[in-house]
Structures are given as C-alpha cells and as structure tokens.
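Take a first look at the chain and its ligand. Then follow the text from the whole fold down to single residues.

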Amino acid sequence: MDRSAVEIKGLTKMYGKLAALNNLTLDVRKGEILGYLGPNGSGKTTTIRLMLGTIKPTSGSVSIFGHDAQTEKDTVHTSIAYVPGEANLWPSLTGIETLHLLAKVHGRVDLDYRRQLIKRFELDPNRKVRTYSKGNKQKITLIAALASRAELLILDEPTSGLDPLMEQAFREAAVEAKGRGQTIFLSSHILEEVEALCDRIAVLRSGKLVELGTLEQMRHLSSLTIEASFRNHPPEVRNIKGVSKVELNGNNLVCQINGPVDELLSVIAKARPLTLISREPSLEELFLALYGRQSEAS
Ligand SMILES: Nc1ncnc2c1ncn2[C@@H]1O[C@H](COP(=O)(O)OP(=O)(O)O)[C@@H](O)[C@H]1O
Ligand SMILES: [Mg+2]
C-alpha cells in the first residue's frame, strides 16, 4: 500500500529568470503533519499552487493520493481542502452563508463539527463578510476546511491573522484532524506552531529545499547548551572537544557542546556542581544556525 499522500518530483517553476521553486522532491506521508517553513518569497505558496494545479510547473510533477495534480485536477480536488493565506471571500454574504457555499465547493461537511468549530473559534456567523477582520475571514476558510474532513488539508500560513487564543483553537483542531488520520501540509513561518504540531519539517530557501526531517534529526544543526553553577570557580572546559561559546559569570558556567557530551560532563561532575541544566536548541535556534550556515556558504 502506498504510504504517500503527496509525491512531489523534480518540481520547478520559473517566472522569467527567477526560479520560484527549484527542483523540489518531497513526499508527504499519509497521516502526518508536515511543516513547510521558509521566509517570505521562498516559494511556499508557489508549491501549494502547483499542488492544487492552479499553475503549471516548468518541469516536474505532483501526485496526490496517486493522481496527477495537473491532468487529474478534479479527482485530486475531491480529497483536499485548501486554506489560502489571504482569503478572497464574497463581501455581501454573511459568515454562515459563506460556510454553506464553501461546503458545496468541498462537496461534504460535518455539520456537528462545524457548529463546534464556530463556537471554538468564537466566530459570529451572522455578520456580513465585509465587516469581518482579516482574522475572522481566516477563521471562515479554516472552519470550512476543517469541517470538510478532507483527507488532505493544504494550509497556507493559516494562522497569520489569528490572535493567540484562536491560534490555540487551530492547534487543537489540527491535532484532532491528525487523530482521525487526515494529512496536513502546513505552510508557516511561525516556528513555535511548527515545533508544536509537525511530525516532520521541510525548510525552503530561495525556492530550494535545504532541510527535511524531524525536529530531532534537525538538532544536529545546532549545539546543546549546558549551564552549571559551582560553590567555587568553575572548572576549565575550553579545551574539551566540541565545546564552544564558554561564558563565565562568577561561579556560573554556560557553554555549548557539539557531539559527545561525556568528557564535558565528567569534568563538570568532578568539580561538584550545585546545579546543572542542559537545553536542546529550539526550532528558532536551529533555523538561525541553518540560515547562518547557508549565507556563509553562498
Ligand atoms: N505570478 C508570479 N509572477 C512572478 N513572480 C512570482 C509570481 N508568484 C510568485 N513569484 C515570485 O516567486 C517567489 C516565491 O514566491 P511565493 O511562492 O509566493 O513565496 P512564499 O509563499 O514563500 O512567500 C517570490 O520571489 C515571488 O516574488
Ligand atoms: Mg506565501
């Protein structure tokens, strides 16, 4: 049985001389939440348009549940729901009228779940769309997509206009969708959201995939931070292999370690530390390490 929801092969999109997307090969596994990260202009929306078949690739292909996104667009669309970064809705319809219409577009809707989501996202469905803020329009397209229970949710920076409470409501709904076996392709530049939700993370830079893996696998990009405090002066650690960025502050020691930690820990242990903290890099630190390294290379 095929375990892929989406198979992207050698996908390139040129706009004149600009490669908006450059030879992307990527699988999205069934049932996973894949975080699609990258700064503005890195090619996230272009990838999504190619997945939806709304633009033509210069070369390469996208297959969704075994169907080609270009030549079998209609079949593909029956199994996906899409939330655009910026919703273009009909200004004179009310929220609920819009939801009815979007449900017809999706072809199915879980009405009980939709009622729940309207409450949880605190949406007033009886107002006209033209009176909605950006966040409220975002809620409409999110609720419609989630209530469709589509097998694959393609979300393009879906929480950019939401306040923190609603961001939380989104995260809960994403976890529920995953629990039901739905697959989520989540384009985002909110590192915290990706860190909290995603099984794997793909990182895009200037149209190129520069990193793909679990957060665990990506941790090799940055080092572990060790903090220890001592009754007296901290031990000398500067010459230990892998140790960098040593900071001494009275009887406190902070440093970073790449690779095996045993030698560092035994030196610290011999000096009888009062406290010891080790901290793995956050996705933000990883991201900085990754982009720092890239700009040095280029
Ligand atoms: N229709 C278009 N015509 C010309 N250039 C485009 C078009 N759409 C996107 N681009 C360019 O392609 C690059 C990637 O854009 P996009 O996929 O929207 O990035 P992201 O969604 O990651 O912010 C950007 O440099 C953007 O200016
Ligand atoms: Mg975009």
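The paragraphs below go from the overall layout to the sheets, the ligand site and two single residues.

Start with the whole model, which is predicted. The protein chain has 298 residues, and 36% of them count as buried. Its secondary structure comes to 10 helices and 14 strands. Along the principal axes, the C-alpha trace spans about 70 × 45 × 40 Å. Contacts often reach across the sequence. Take those between residues at least 6 apart in sequence: 70% of them join residues at least 24 apart.

The chain is assigned two domains. Domain 1 covers 4–218, and domain 2 covers 223–280. Their C-alpha centres lie 43 Å apart.

Begin at the N-terminal side, with an open sheet. Four strands make up this sheet, in the order β2-β1-β4-β5, and their pairing is antiparallel. Which strands stand at its edges? They are β2 and β5 (67–68). Each has a single partner strand, so one side of each is left without a neighbour in the sheet. Strand β1 covers residues 4–15 and pairs with β2 over 8 bridges, in the antiparallel sense. Within this pair, I8 stands opposite L26 of β2.

S4 also belongs to strand β1. Is S4 buried or exposed? It falls in between: S4 is partly exposed, because 16 other C-beta atoms lie within 10 Å, while a buried residue needs 20 or more and an exposed one has 12 or fewer. Leaving out residues up to four places away in sequence, S4 touches D27, V28, R29 and K30. E32 is 28 residues from S4 along the chain, yet their C-alpha atoms are separated by 9.7 Å.

Now turn to ligand 1. Its surroundings are formed by Y15, L18, A20, G38, N40, G41, S42, G43, K44, T45 and T46. By type, this shell divides into 3 nonpolar, 7 polar and 1 charged residues. Which elements supply at least two residues each? They are β2 (18–29) and α1 (44–52). The largest share comes from α1, with 3 residues. Strand β2 therefore appears twice in this tour: it is an edge strand of the sheet, and it supplies part of the ligand shell.

Next comes strand β9, at residues 200–205. This strand is mostly covered, with 5 of its 6 residues buried. It has two pairings to follow here. Strand β3 (residues 33–37) and β9 pair in the parallel sense over 4 bridges. There, G35 stands opposite I201 in β9. Strand β10 (residues 208–213) pairs with β9 in the antiparallel sense, over 5 bridges. Here the bridge partner of I201 is G213 in β10. I201 thus has G35 opposite it in one pairing and G213 as its partner in the other. The hairpin of β9 and β10 has 2 residues between the strands, and S206 takes a positive phi near 45° in it.

A loop residue comes next. L123 lies in the loop between α4 (111–120) and α5 (134–147). Is L123 buried or exposed? L123 is buried, because 21 other C-beta atoms lie within 10 Å, and 20 or more are enough to count as buried. Setting aside neighbours within four places in sequence, L123 is in contact with G95, I118, N136, K139 and I143. G95 is 28 residues from L123 along the chain, and their C-alpha atoms are 8.3 Å apart.

Finish with the sheet whose strands fall late in the chain. It is open, with 4 strands in the order β12-β13-β11-β14 and antiparallel pairing. Its edge strands are β12 (243–249) and β14 (273–279), each pairing on one side only. From one strand to the next, the twist averages 15°. Strand β11 (residues 224–230) pairs with strand β13 (residues 252–257) over 6 bridges. β11 is also joined to β14 by 6 bridges, again antiparallel.

Individual bridges show how β11 is placed. In β13, A228 has L253 as its bridge partner, and S229 has N252. S229 also stands opposite T275 in β14.

Technical notes
Residues numbered from 1 in each chain as written. Chains lettered and ligands numbered in written order. Predicted model: local features only at pLDDT ≥ 70, side-chain atom pairs only at ≥ 80, totals over all residues. Near = placed C-beta within 6 Å. Nonpolar A, V, L, I, M, F, W, Y, C, P; charged D, E, K, R; others polar. Domains from an automatic or database assignment. Contact = placed C-beta atoms within 7 Å. Pairing = 2+ DSSP bridges. Axes fitted to C-alpha atoms, helices over the stretch in contact; angles between N-to-C directions.
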